[in-house]
Amino acid sequence: MSKSAVEIKQQVVNEITEKFKSASSLVVVDYRGLKVEEANELRAKFKEAGCDYKVYKNTLVRRAAKELGYDQLDEVNLVGPNAIAFGYADPVAPARILSDFMKTHPAIELKMGIVEGEFYDAAKVKALSEVPSREVLIAKLLGSFKAPLSNFAYLLDAVAKQKAEAGEQ
């Protein structure tokens, strides 16, 4: 027995709701102007980063968003052809990937996002995309720890050599 249209729509709303709940961030993008190959390239970049990139009907997204209290995803803001990028482990990943992709594909447009429950307009999403990745931040932090430790090690070595030259041990 086949499912009714209402059951199918409710199933999609449930899928969107689950993605909203499990994602640490999502970014809405207007994908007009992308060729099929370009859309596939973008989808592959998201998949590589552990993100989902899906196109849903706006009415179904609005219904799921309303259930979760995301009132900004309404009839005013969520119009036109939209795709949603969901980030799970790294909340900055969808914004960064889209921002990098837009450098060579200016046809697409960042519209808005939600990061850890907070609504971001296009300007905030763009600013978020400029935050370095977690790995880069960790590397910088470790680098800042390493410099003083290296200097301290050189100092101890110099003192030891000085004492050895002076005959003191």
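**Two cores and the helices around them**

In this predicted model, the largest nonpolar core (buried Ala, Val, Leu, Ile, Met, Phe, Trp, Tyr and Cys residues joined through side-chain atoms within 4.5 Å; buried is under 20% relative accessible area with a 1.4 Å probe, protein chains only) holds 21 residues, and Leu42, Phe46, Tyr53, Leu98 and Ile108 have the most contacts inside it. Two or more residues each come from β1 (25-30), α2 (36-48), β3 (82-87), α4 (93-104), β4 (109-115) and α5 (122-129), helices being DSSP runs of H or I with at least four residues and strands runs of E with at least two, numbered from the N terminus. The largest share, five residues, is α4's. A separate core of 18 residues includes Phe20, Val61, Phe86 and Met112.

How do α2 and α4 meet? Their axes (lines fitted to C-alpha atoms over the stretch in contact, with angles from 0 to 180 degrees between N-to-C directions) come within 10 Å and cross at roughly 145 degrees. Contact (heavy atoms within 4.5 Å) involves Glu38, Glu41, Leu42, Lys45 and Phe46 of α2, and Pro94, Ile97, Leu98 and Phe101 of α4.

Then there's α1, where Val13, Ile16, Thr17, Lys19 and Phe20 are buried. These residues sit on the same side of α1 because they cover an arc of only 160 degrees around the axis, taken from the directions from the helix axis to the C-beta atoms. They pack against β1, β2 (52-54), α3 (58-68) and β3.

Residues are numbered from 1 along each chain as its sequence is written, and side-chain values use heavy atoms, without hydrogens and water. Local features need pLDDT of at least 70 and side-chain atom pairs 80 or more, while totals for chains, interfaces and linings use all residues.

Key:
Buried < 20%, exposed > 50% of the residue type's maximum accessible area, 1.4 Å probe, protein only.
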